[in-house]
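User: I am new to this structure and would like a close look at a single helix and the loops at its two ends. Please set that part in the context of the whole chain as well.

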Amino acid sequence: LIAAACVACAAPAPVQAAPAPPDAGARYKTALALLESGKRAEAAGELIAALRACPEAPAAAPAPRAGSDRHYRAGLRQMRVRHDSLAENEFKKAIELDPANAAARYRLSFLLGNRGEYAGMFREIWRAVQACPIEAEKLRAIGGLALMSGNIPEATAAYREALARNPTSPEVLRMLGLVLAESGRREEGLEMIRRAMEAQPGDYSTLSALGLAYAISGDCPRAEESLKKAIEINREHPEALARLGMVLLIDGRAEESIRCLDDALKTNPGSAELHANLAKAYKVVNRPEEAEREYVLALKADPDNYDGWYELGNILGAAGRFERAMEAYRKAADLDPGLARAHFKMGLLHMKKKQYAEAESRLKKALGADCDYADAYFALAALARERKKDPRTAAHYSRMYLLYDSRSPRAAQAHRWIEDAELGAKGR
């Protein structure tokens, strides 16, 4: 979703930019510095602040030069079928002929962000706003940046405001629809994307978005139908292939999912997300070696993916490679100290090695991150028994566990540990 707010169907009437206030320029430079240091979400938030500090343009300006506009519209045609490299070349030609063609800069920023060139994306958004700060365009950019920063309410508000200024924009309808669907407002989201489809029939990105929205709603058959229509338009673009692969996996068709995700990877071999999703599919069909390979490739492309490190730890642990599993879990916990499940798994590995103090520390960290982590209470009860501590310690953690589970075999075990403690107390 990251930069899709920058896509438009037709060139807006450009306007003369007012100079950015010094505060806006300073915040833009801060955003670039944050991005360079790897703080992508914070950088996106800072660029949003810079954009909001830029005033609306006060007066109309001449339209883009004819040659520039011609390349811009050729780029739009390529974007409808997601021939991204061809579209990018057209937008660059449009900018070369007329550096003030902000519409071309906005579309170029989307393409750059879509392939992970975030510095270029930031630069083109900033230059577009300086050249043509139309509020609807700026709001569309803010919506995409808010998604990048993880601020869903701000993204939703920005898209709604952009839609109020341009009610028929298929791009804003599509993006707002996806945000609403992913936020639990599925019917409203689907309706928005259907409206986008009516405004722009046969558009690859809209069909792909509709498929994703159906998948979020649990309607796998319709999701598959929409995504296959997108793939018919362009079999070389990975987005619809990747989404179809995950729909097939959710639908219990893991082998088909593997083939689909593998096809997507052929068109985008450096995608961390695709490698991670393929790893999940291999895990479902019990092919741990392939799953491990794909997680390693995913983490090579995105070493800050804490979930990838956690899943790699699970695969290594299941294979009995406990030292490497511990390293992977530790990396996950370092990246996200609040990841209770990583602390929990490290606690279990310490227990296997009879490193009881370390095990207790990690299990308590898991509870510190998530006080409702029932399995951590059970593990602490088992640890107290194994260490032959006061039976009342095991009983305490057993009672905490029973607040969450009263019927499973573990619950029966917890009841026995409580009874042992009570019998011991009576004996004293």
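Analyst: What follows looks at helix α4 and the loops beside it, and then turns to other places in the chain for context.

The model is predicted, and every value below was computed from it. The chain contains 23 helices and zero strands, and its C-alpha trace spans about 95 × 50 × 35 Å along the principal axes. Of its 428 residues, 51% are buried. Among the contacts with a separation of 6 or more, 57% are between residues 24 or more positions apart.

Helix α4 covers residues 84-97. Its 14 residues should span 20 Å at 1.5 Å a residue, and the C-alpha atoms at its ends are indeed 20 Å apart, so the expected and the modelled span agree. The buried residues of this helix are D84, A87, E88, E90, F91, A94 and I95. Seen down the axis of α4, these buried residues fall within an arc of 165°, which means that they line one face of the helix. On the face turned away from that buried side, α4 carries the exposed residues S85 and E96. As for what lies over the buried residues of α4, the cover includes α3, α5 and α6, the last of these being residues 118-131.

Before α4 comes the loop that links it to α3 (66-80), and R82 is found in this loop. R82 is buried, because its relative accessibility is 3%, and the cut-off for that word is under 20%. The backbone of R82 also deserves attention, since its phi is positive, at about 55°, although R82 is not a glycine. Most residues other than glycine have a negative phi. A second residue with this feature is K388, whose phi is near 55° and which is likewise not a glycine. K388 lies in the loop between α21 (374-386) and α22 (391-402). In terms of accessibility the surroundings of these two residues can be set side by side: R82 counts as buried at 3%, whereas K388 is exposed, with a relative accessible area of 73%.

After α4 comes the loop that leads to α5 (102-114), and D98 lies in this loop. D98 counts as buried because its relative accessibility is 9%. When neighbours within four places in sequence are left aside, the contacts of D98 are with P64, R65 and S68. Of these three partners, S68 has a number that falls within the range of α3, residues 66-80, a helix that is also part of the cover over the buried residues of α4.

Further along the chain, α7 (residues 135-149) holds E137. This glutamate counts as buried, because its relative accessibility is 5%, and its side chain is joined to that of R107 by a polar contact of 3.4 Å. The C-alpha atoms of E137 and G252, by comparison, are 41 Å apart in space, with their positions 115 residues apart in sequence. Another pair at a long sequence separation is G45 and L147, which are 102 residues apart in sequence and 9.7 Å apart in space, C-alpha to C-alpha. G45 is found in helix α2, residues 40-53, and counts as partly exposed because its relative accessibility is 31%.

A buried glutamate also appears in helix α17 (residues 306-318), where E311 is placed. E311 is buried, with a relative accessible area of 15%, and its side chain makes a polar contact of 3.0 Å with the side chain of K283. Not counting residues up to four places away in sequence, E311 touches K283, Y295 and R341.

Finally, there are the cysteines and the surface of the whole chain. The structure holds zero disulfides. For C220, the closest cysteine sulfur is that of C260 at 13 Å, which is too far for a bond, because a disulfide requires sulfur atoms within 2.5 Å. C260, in turn, is in no disulfide. Both residues are buried: C220 has a relative accessible area of 11%, and C260 has a relative accessibility of 8%. The accessible surface of the chain comes to about 19,800 Å², and 51% of that area belongs to carbon and sulfur atoms.

Definitions and conventions: Residues numbered from 1 in each chain as written. Predicted model: local features only at pLDDT ≥ 70, side-chain atom pairs only at ≥ 80, totals over all residues. Heavy atoms only, no water. Helix = DSSP H or I, 4+ residues; strand = E, 2+ residues; numbered from the N terminus. Buried < 20%, exposed > 50% of the residue type's maximum accessible area, 1.4 Å probe, protein only. Contact = heavy atoms within 4.5 Å. Expected span 1.5 Å × (residues − 1). Arc of directions from axis to C-beta. Polar contact = N/O pair within 3.5 Å; in protein donor to acceptor, adjacent residues only side chain to side chain. Areas by Shrake-Rupley, 256 points an atom, 1.4 Å probe, with all protein chains shown as cover.
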